[in-house]
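Take a moment to look over the model before reading on. The paragraphs below start from single residues and end with the whole chain.

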Amino acid sequence: HSSVKAEEAAGTAPFHLDLWFYFTLQNWVLDFGRPIAMLVFPLEWFPLNKPSVGDYFHMAYNIITPFLLLKLIERSPRTLPRSMIYVSIITFIMGASIHLVGDSVNHRLLFSGYQHHLSVRENPIMKNLKPETLIDSFELLYYYDEYLGHSMWYIPFFLILFMYFSGCFTPAKAKSSMPGAALLLVVPSGLYYWYLVTEGQIFILFIFTFFAMLALVLHQKRKRLFLDSNGLFLFYSFALTLLLVALWVAWLWNDPVLRKKYPGVIYVPEPWAFYTLHVSSRH
């Protein structure tokens, strides 16, 4: 999708304030607010052997997000490959649903003393578990939650955003600007993507997508095509995310406990691991 046809680029779409606002709002409420709601609502209302309020948030997210993505694609001034969009949406829903189950159990384990800043086998509640083969089952659950679920959720998510972004170009440089409402949404949007990248442990996927967007912008600039307001909003949101991730990593660079949990070359601690280590442990 590296090129935009002239006749398609001429039809510049206005800024989709309604869709971007709903998209940002539901991301904050249903995704970021999901684990918070699980801790705030009384445990008596949602017993440990039943879905939590966060699970219902996740179910709503799994329905609303693909719907908003499809509406966003519908408003693209460029004709995008429908088959790839449909496969991406289906994979997104399947991955988010896998994550729903794994994340539900993992967060419910917090009430039993599970510590997110430690690996599964290093958790105190796992060390005395009998038979020991049960630990393998919890590691499998963690794999579904943190690896398979995240991959099938986030790869198609960023792919859809990139495909939409590839159609956000206009030959009119005067239209390459954002309205005031878009500027106001950049901060909450970029802040949410910071949470998504750090908690989802998808920095490599994010940075690859961002540099692909940057390369596309430079490529289209040679053809005298410029980002429209929707493309600028997405690009600036991701740029702000990159800055926030860099500040987050720099702040926790010398944390010995988190360093042990994230020993790889890419060191991006999860906010919930930081919370269980430095915030909840104090209470």
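Which residues does Asn123 touch, not counting residues up to four places away in sequence? They are Gly113, Tyr114, Gln115 and Leu118. Keep in mind that this is a predicted model. Asn123 sits in a loop, the one that links α4 (82-108) to α5 (124-127). Its relative accessibility is 0%, so Asn123 counts as buried.

Move on to Met126. This residue belongs to helix α5. Met126 has 2% relative accessibility; buried means under 20%, so Met126 qualifies. Leaving aside neighbours within four places in sequence, Met126 is in contact with Leu109, Tyr114, Val120, Ile135 and Phe138. Take Phe138 from that list. It lies 12 residues from Met126 along the chain, and the two C-alpha atoms are separated by 9.0 Å. Tyr114 is worth a second look. It appears among the contacts of Met126, and Asn123 touches Tyr114 too.

Next comes His16. Where is the place of His16? It is in the loop between α1 (6-9) and α2 (17-40). Is this residue buried or exposed? The relative accessible area of His16 is 4%, so His16 is buried. Its partners come from several parts of the sequence: His16 touches Leu72, Arg75, Tyr164 and Asn230, with residues up to four places away not counted. Two of these partners can be placed against the UniProt record. Its unreviewed entry annotates residues 56-73 and 147-165 as "transmembrane region". Leu72 falls in the former span and Tyr164 in the latter.

Now find Thr198. It is part of helix α7, which covers residues 180-199. With 0% relative accessibility, Thr198 counts as buried. Which residues is Thr198 in contact with, leaving aside its neighbours within four places in sequence? The list holds Val245, Trp248, Val268, Pro269, Glu270 and Pro271. Val249 gives a distance to go with that list: it is 51 residues from Thr198 along the chain, and their C-alpha atoms are separated by 9.5 Å. Val245 and Trp248 lie within residues 231-253, another span that the UniProt entry annotates as "transmembrane region".

The same annotation, from the unreviewed entry, also covers residues 85-102, 177-195 and 201-219. How do such spans look in the model? Residues 147-165 are 100% helix and 0% strand, and their end C-alpha atoms lie 26 Å apart. Residues 201-219 are 89% helix and 0% strand, with end C-alpha atoms 29 Å apart.

Step back to the whole chain. It has 11 helices and two strands. Their order along the sequence is α-α-α-α-α-α-β-α-α-β-α-α-α. The radius of gyration is 20 Å, close to the 19 Å from the globule rule for 283 residues, so the chain is as compact as a globular protein of that length. Along its principal axes, the C-alpha trace spans about 65 × 40 × 35 Å.

Contacts tell a related story. Of the contacts with a separation of 6 or more, 79% join residues 24 or more positions apart. Buried residues make up 49% of the 283 residues. The exposed area of the chain is about 13900 Å², and carbon and sulfur atoms supply 68% of it. Charge comes last. The chain carries 21 positive and 18 negative charges, and their mean positions are 10 Å apart.

Terms used: Residues are numbered from 1 along each chain as its sequence is written. This is a predicted model: local features need pLDDT of at least 70, side-chain atom pairs count only at pLDDT 80 or more; totals for chains, interfaces and linings use all residues. Side-chain values use heavy atoms; hydrogens and water are left out. UniProt positions are given in the numbering used here, feature names are shortened, and annotations may be inferred rather than shown by experiment. Helices (H or I, at least four residues) and strands (E, at least two) are DSSP runs, numbered from the N terminus. The radius of gyration is taken over C-alpha atoms; the globule rule is 2.2 Å times the number of residues to the power 0.38. Buried means under 20% relative accessible area, exposed over 50%, partly exposed in between (1.4 Å probe, protein chains only). Contact means heavy atoms within 4.5 Å. Accessible areas come from the Shrake-Rupley method with a 1.4 Å probe; for residues, only the protein chains shown count as cover. Lys and Arg count as positive and Asp and Glu as negative; His and the chain ends are not counted. The place of a charge is taken as NZ of Lys, CZ of Arg, CG of Asp or CD of Glu.
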